[in-house]
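Thanks for making time for this one. I would like to walk you through a model, going from one helix to a patch on the surface, and then say a word about confidence.

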Amino acid sequence: MNRKTLSRTKILGALALLLVPALAFAHPGHDESGLVAGISHPLSGIDHLLAMVAVGLWAAQQKGAARWALPMTFVGTMLIGGLMGFEGLALPGLESGIAASVFALGLAVALAVRPPLFVAVSATALFAMFHGVAHGLELPEMSSPWGYALGFVGATAALHTAGYAVVRFLPAAAAPIVRVAGALSAATGVWLFAG
């Protein structure tokens, strides 16, 4: 095994470990801090999971500053939205906004759209706000908001990284597969919106 393959294997292995920590707990009561609840929240709903992976996929399809600006914007704005949700502030059309994010981000990946940085960052921030408020409103009773926030921020960053790594480490010949995945995500967004 050459060094490059070994390095990729280590990175993908580390990502896999970041994505499944909650599986180690066989029954409730292990997490008084909210950390595990925060980690599992983005992983347990198809809407959050698809949108967050799509941000990583889309970022990897970009050039220059957009590659880091999109995931950073999503995580930062989502945290602000989470704090709003902790305070009980809801956004109108919350579920519709989340479904729209799954659709739009999936479509952006499917079409490999490269809009101006300002447009991409603005759209990413809008979608992140919806996801963040939803996370904040769903803070489990008796959980520390800070542990919960740390969990959902960490899980989101791991999902972005996983999406980014898929695009960056696959051979160029696999690009159509990523675009098909984006189209399937967009179709799921339509389904969520209709439901």
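Let me begin with helix 4, which has 21 residues and reaches 29 Å from its first C-alpha to its last, close to the 30 Å expected at 1.5 Å a residue. Please keep in mind throughout that this is a predicted model. Helix 4 covers residues 66-86, and it is followed by Gly88, whose phi is positive, near 85°.

Within helix 4 we find Thr77, and here one may ask whether Thr77 is buried or exposed. Thr77 has a relative accessible area of 14%, and because buried means under 20%, it counts as buried. If we leave aside its neighbours within four places in sequence, Thr77 is in contact with Ala125, Ala128 and Met129.

Turning to the surface, Phe103, Leu107, Leu111, Val113 and Val190 together make a nonpolar patch of about 380 Å². Helix 5, which runs over residues 94-111, gives the most to this patch, with three residues. Val113, for its part, is found in the loop between helix 5 and helix 6, the latter being residues 117-137, and Val113 is partly exposed, with a relative accessible area of 31%.

Finally, on confidence: the mean pLDDT of the protein is 87, and 84% of its residues reach 70 or more. Over residues 20-31, however, pLDDT stays under 50, and for that stretch the model has seven contacts beyond four places in sequence. Where pLDDT is low, the predicted coordinates should not be read in detail.

Definitions and conventions. Residues numbered from 1 in each chain as written. Predicted model: local features only at pLDDT ≥ 70, side-chain atom pairs only at ≥ 80, totals over all residues. Heavy atoms only, no water. Patch = residues over 30% accessible without salt bridge, like charges linked within 9 Å, V, L, I, M, F, W, Y side chains within 5 Å. Areas by Shrake-Rupley, 256 points an atom, 1.4 Å probe, with all protein chains shown as cover. Salt bridge = Lys/Arg side-chain N within 4 Å of Asp/Glu carboxyl O. Helix = DSSP H or I, 4+ residues; strand = E, 2+ residues; numbered from the N terminus. Buried < 20%, exposed > 50% of the residue type's maximum accessible area, 1.4 Å probe, protein only. Contact = heavy atoms within 4.5 Å. pLDDT = per-residue confidence, 0-100. Expected span 1.5 Å × (residues − 1).
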